[in-house]
Amino acid sequence: LKVWDVNRELCIQDIPTSCNSCVTCLTSDKYDSGKLVVAGCWDGSIRLFDRRVNTRFSHVATLMEHKGYIINTSMPSCMDQYIISGSSSGEVKFWDTRNTKESPKTISGRKGDHAVMTALAVHDIVPVLAVGQEQRIKVMNFNGDQISVIRYHDGFLGQRIGPVSSLCFHPYRVMLSAGATDSIVSVYAGEPKMKA
């Protein structure tokens, strides 16, 4: 992993991953200026690196409970000191960075179906996450309760969405963008409920 100072356009740190498989996703903490770097790997491992220590000793933990390759990792501000990770096998795990022996919580992004997880997004402020599976998107809270399912575009023809390849939440609003392999990018927003 190479850490860059973008203002000076200079590589400031080169961290060995200590892994034989490729890195599939990266994230860092937002509350401590990116001192903790999290790398998800193809072999299903999640590796934690502390940028404050010498490069040779910066690898501080390896988390090995996922059965498939890591789709995405996140360290949302709404869950201080937690890492949320999702793998292609459909499971979403919550990890406490202070105790990395096992994940305290696992939810299934599949819930009865056999679709493979293709994308994962975690909102930074609101405790919701979105799981992309083939041609649908499931939005869930952090307890695993399903909030909604997106299967097609609303409109006159009700066009189906293509296989979901990427998901991303707006940093502040509860809006979700989804990219599909059919070259269509869609933006979804929750409608506020009217009080009677």
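These exercises work through a predicted model, one topic at a time.

**Exercise 1. Overall make-up**

Task: State how many helices and strands the chain has, and what share of its residues is buried.

Solution.
- Step 1. Count the elements. The chain has 17 strands and zero helices.
- Step 2. Take the burial. Of the 196 residues in the chain, 44% are buried.
- Step 3. Turn to the surface. About 11200 Å² is exposed, and carbon and sulfur atoms supply 51% of that area.
- Step 4. Look at contacts with a separation of 6 or more. Residues 24 or more positions apart account for 39% of them.

**Exercise 2. A sheet of three strands**

Task: For the open sheet of three strands, give the strand order and the kind of pairing.

Solution.
- Step 1. Read the order. It is E15-E16-E17, and the pairing is antiparallel.
- Step 2. Find the edges. Strand E15 (164-169) and strand E17 (185-189) each pair on one side only.
- Step 3. Add the twist. On average, neighbouring strands of this sheet are turned by 20° against each other, direction ignored.
- Step 4. Zoom in on one pairing. Strand E16 (residues 175-180) is joined to E17 by five bridges. Across this pairing, Ala178 stands opposite Ser186 in E17.

**Exercise 3. Cysteines without a bond**

Task: Determine how many disulfides the whole structure has, and explain why Cys19 forms no bond with Cys41.

Solution.
- Step 1. Search the structure. The count is zero disulfides.
- Step 2. Check Cys19. Its closest cysteine sulfur is in Cys41, 3.9 Å away. A disulfide needs the sulfur atoms within 2.5 Å, so the gap is too far for a bond.
- Step 3. Check Cys22. The nearest cysteine sulfur is again that of Cys41, 7.7 Å away, and Cys22 is in no disulfide.
- Step 4. Add accessibility. Cys19 is buried at 14% relative accessible area, whereas Cys22 is partly exposed at 46%.

**Exercise 4. Two aromatic pairs**

Task: Classify the ring pairs Trp42 with Tyr69 and Phe94 with Phe142.

Solution.
- Step 1. Count the pairs. There are two aromatic pairs.
- Step 2. Take Trp42 and Tyr69. The ring centres are 4.2 Å apart and the planes stand at 15°. Stacked means planes under 30 degrees apart, so this pair is stacked.
- Step 3. Place this pair. Trp42 lies in the loop between strand E4 (36-41) and strand E5 (46-50). Tyr69 lies in the loop between strand E6 (59-63) and strand E7 (70-74). The pair therefore ties together parts that are 27 residues apart in sequence.
- Step 4. Check exposure. Trp42 is partly exposed at 48% relative accessible area, and Tyr69 is partly exposed at 29%.
- Step 5. Take Phe94 and Phe142. Their ring centres are 5.5 Å apart and the planes stand at 70°. Edge-to-face means over 60 degrees, so this pair is edge-to-face.
- Step 6. Place this pair. Phe94 lies in strand E9 (residues 91-96), and Phe142 in the loop between strand E13 (136-141) and E14. The pair ties together parts that are 48 residues apart in sequence. Both Phe94 and Phe142 are buried.

**Exercise 5. A loop proline**

Task: Locate Pro163 and list the residues it touches, leaving out those up to four places away in sequence.

Solution.
- Step 1. Locate Pro163. It lies in the loop between strand E14 (146-150) and E15.
- Step 2. Assess its cover. Pro163 has 37% relative accessibility and counts as partly exposed.
- Step 3. List the contacts. Pro163 touches Glu134, Gln135, Gly179, Ala180 and Thr181.
- Step 4. Compare sequence with space. Pro163 and Ile137 are 26 residues apart in sequence, and 9.7 Å apart C-alpha to C-alpha.

Conventions. Residues are numbered from 1 along each chain as its sequence is written. This is a predicted model: local features need pLDDT of at least 70, side-chain atom pairs count only at pLDDT 80 or more; totals for chains, interfaces and linings use all residues. Side-chain values use heavy atoms; hydrogens and water are left out. Two strands pair if DSSP finds at least two bridges between them. Helices (H or I, at least four residues) and strands (E, at least two) are DSSP runs, numbered from the N terminus. Axes are lines fitted to C-alpha atoms, for helices over the stretch in contact, and angles run from 0 to 180 degrees between N-to-C directions. Buried means under 20% relative accessible area, exposed over 50%, partly exposed in between (1.4 Å probe, protein chains only). Contact means heavy atoms within 4.5 Å. Accessible areas come from the Shrake-Rupley method with a 1.4 Å probe; for residues, only the protein chains shown count as cover. Rings of Phe, Tyr and Trp (its six-membered ring) pair if their centres lie within 6.5 Å; planes under 30 degrees apart count as stacked, over 60 as edge-to-face and the rest as tilted.
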